[in-house]
Structures are given as structure tokens and as C-alpha cells.
Amino acid sequence: ALSYAWSSGVINGTPFTPVTILAYYVTGTDTYGCSNNDTVIIFLKAPPAVNLCMVTVDTFSTHNILVWEKSGLTDEIAYFNIYREDITNNYTLIGSVAFDSLSEYHDYDTLMADPNITTKRYKISAVDTCGNEGPKSGYHNTIFISHSGGTFNWNTYTIQNQPNPVNNYALYRDDFANGNWTLVGTTAGTQNVLNDPNYSTFQLTADWRVETVWSISCTSTARQSNGIQGAIVKSKSNISNNRTGGIKNFSQAYFSVYPNPTSGSLNVEVSASNNGKATVKVLSMMGQELYSAEVDGSNVHTVDLSKFENGTYLLQVTGNNKTSVQRIVKQ
């Protein structure tokens with residue numbers, strides 16, 4: 001043929017990227033005006049299903065952490081989408097993680113997903129370099145513990161459409177909220193109640209949390225450096241205690257921040273009760289670390305936000321085995 005005419009705007013001899021399964025028609029015409037046609041169907045290879053390995057709560061009970069593994073996945077995947085259930089059976093996209101980043105997502109949204117207030121369900125999917133998104137995984141449900149007197153209750157860890165993964169639940173007590181956890185007792189993975197016989201002794205000073213005992217082990221990786229984090233082998237609940245306001249509501253006594261909102265400089269002053277040492281971080285609402293500094297409480301620490309886009313961020317201050325998070329606004 002002298003010329004070829006394709007359907008769907010395809011130009012003969014010019015590569016293109018199909019975005020859906022579609023039949024393409026071509027008509028060839030020779031120098032005598034005679035023509036014939038043919039058809040080709042493009043089948044797209046959908047991104048593979050990716051499953052969450054585990055959801056847990058960070059050591060200081062400030063936010064939820066999602067972990068998945070990239071073993072067997074190729075760099076045809078561009079990034080992973082993270083979904084959270086905020087309305088019944090409605091999963092909202094809350095963030096994305098690049099394929100060559102650490103395979104973890106930290107949900108710092110304390111307004112919608114504070115682990116000290118509520119339990120949450122999460123799903124994940126993979127998106128390839130052509131922008132095609134694979135199926136969402138089954139959800140993983142975080143653990144939330146509460147208590148009445150010395151009796152502690154929690155919801156069981158759930159993976160959608162899978163059998164109960166938990167062999168046992170273990171209740172731990174930190175007698176003086178200093179990071180030293182002692183095993184109180186265990187129960188079967190089908191149960192969700194344990195009593196601390198020493199509750200009355202430590203009720204005004206201690207923290208409690210429950211952890212899973214199971215065969216799940218998650219290792220988050222970063223492909224670009226072949227970096228491997230320490231394996232995560234259990235899912236933790238929030239921290240429960242009997243002190244006024246709980247573990248997270250100590251921001252005013254722990255640090256102060258001003259002015260908020262700010263048009264540029266943000267001043268952070270750490271409480272003297274923290275021995276004057278802390279780590280200050282500014283995070284995006286998706287949990288991406290944008291700024292980090294070690295501070296000395298003897299001076300007011302200034303964070304320059306002048307180059308940040310206007311919007312809402314999270315200020316995280318960590319020290320003395322405590323972490324507090326506060327929203328800040330750049331305008």
C-alpha cells in the first residue's frame with residue numbers, strides 16, 4: 001500500500017500509548033486506489049494486585065503506619081495509592097508513595113485518623129508508569145484499646161476476606177510511661193479482653209497497649225538503595241491510660257508554637273520539663289518529611305516557612321519518649 005489510515009487518531013509509524021483495551025482499524029490504499037483493511041486489538045497488562053502486609057500504630061501512639069512488601073514487583077510500577085475508609089464502605093485516596101521510596105505510609109491526619117480516638121481501615125493499590133491503576137487490596141483494620149477500671153478491651157485485627165491472622169494478643173503495661181513495657185498477660189487471638197490485676201497500683205502513672213502475636217513479618221524496602229528497615233513483626237494498638245487527656249494532649253505543656261497561622265517564620269519553644277532537647281519536624285498532610293532539626297530548649301527555635309507553599313502542615317515535636325503533633329498553617 002501507498003498509505004495507511006488508522007482509526008482513533010493513530011498515525012502510521014508513530015508510537016502511542018493506549019489507555020484502554022480497544023480495537024484499532026487500518027485501511028491500506030495502493031497507487032491504483034485499491035484498498036483493504038485489517039484490525040488489531042490492544043490488550044493492556046493491568047498492574048498487579050498489591051496487598052498490605054500490616055497496619056500498626058507508632059511507638060508513641062501518635063499516628064497509624066501502613067507497611068507492604070515489594071518482593072516480586074517490577075519498576076513498571078510508578079507508585080502506590082493509599083486509601084482510607086472515612087465513610088462506611090467508601091475508601092478515599094489519602095496519599096501516594098513512589099515505588100523507589102520506603103514501602104511505608106505514615107498517616108499523620110490526626111483530624112480523621114487519630115489512633116487514640118478511633119480505629120481505621122486501609123487499602124492499597126499499584127499504579128504503573130502508564131497511569132493504569134490495579135485493583136485495591138483487601139482492607140486491614142487497626143487495633144483500638146480502651147479500658148474500664150483494670151479491664152481492657154480491643155477490637156480484633158481484621159484482614160478483609162482472610163481468616164483471623166492472630167495467634168494471641170498480649171497486654172503490656174509501662175508502669176511510669178518511660179518506655180519500659182512489661183507483659184501483663186496474653187489471650188487467644190479470638191478473644192479481646194484482659195484484666196490487669198495490678199491496675200490499682202499503677203492507674204495514675206502507667207500506659208497500657210495491646211500487641212499481636214502472629215506469624216506475620218513485614219520488611220519495608222527502598223529499591224533505589226536496596227535499603228532494608230528492621231522487620232516489623234507485630235501490630236500495636238493505641239496507648240491507653242488513666243491520666244487526664246491521655247498521651248497526646250500535652251502539647252501546651254510540652255511545646256508552644258507561634259505565630260500560627262504564619263506568613264513566614266514559625267517559632268517553637270520546648271518545655272523545660274523535656275530537659276530542653278527535642279526533634280522538630282514539619283510534615284506534609286500526606287506524612288512527607290519536609291524539615292527536621294534538633295533543638296535546645298534554652299532558646300526559641302525558628303523554622304523558616306517562607307519557601308513553603310501556602311497551606312496546612314503538621315508540626316511534630318519528639319523528645320523525652322514523647323511525641324506531639326500540631327497543625328500549622330502557612331498563608
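**Entry 1: the disulfide**

I looked up the cysteines and found a disulfide (a pair of cysteine sulfur atoms within 2.5 Å) that joins Cys53 to Cys218, with an S to S distance of 1.9 Å. My search of the whole structure turned up one disulfide. I note that Cys53 sits in strand 4 (residues 52-57), while Cys218 sits in the loop between strand 17 (207-214) and strand 18 (221-222), so the pair ties together parts that are 165 residues apart in sequence. Strands here are DSSP runs of E with at least two residues, numbered from the N terminus. I then checked the torsion about the S-S bond of Cys53 and Cys218; it is about -90 degrees, so this disulfide is left-handed.

**Entry 2: where the values come from**

The model is predicted, and I kept to its limits: local features need pLDDT of at least 70, side-chain atom pairs count only at pLDDT 80 or more, and totals for chains, interfaces and linings use all residues. Residues are numbered from 1 along each chain as its sequence is written, and side-chain values use heavy atoms, with hydrogens and water left out.

**Entry 3: accessibility of cysteines**

I asked whether Cys53 and Cys218 are buried or exposed. Both are buried, where buried means under 20% relative accessible area, exposed over 50%, and partly exposed in between (1.4 Å probe, protein chains only). I also looked at Cys34, which counts as partly exposed at 48% relative accessibility. Cys130 is partly exposed too, with a relative accessible area of 47%.

**Entry 4: the sheet with strand 4**

I followed strand 4 into its sheet, an open one of three strands in the order 4-5-8 with antiparallel pairing. Two strands pair if DSSP finds at least two bridges between them. Strand 4 and strand 8 (104-107) are the edge strands, and each pairs on one side only. Neighbouring strands of this sheet are turned by 15 degrees against each other on average, direction ignored; the axes are lines fitted to C-alpha atoms, and angles run from 0 to 180 degrees between N-to-C directions. I found five bridges joining strand 4 to strand 5 (residues 64-68), and the two run antiparallel. Val55 has Leu66 of strand 5 as its bridge partner.

**Entry 5: the sheet with strand 1**

I looked up another open sheet of three strands, with the order 1-2-3 and antiparallel pairing. Its edge strands are strand 1 (3-6) and strand 3 (35-42), each pairing on one side only. On average, neighbouring strands of this sheet are turned by 25 degrees against each other, direction ignored. Four bridges pair strand 1 with strand 2 (residues 22-29) in the antiparallel sense. I noted Thr29 in strand 2 as the bridge partner of Ser3.
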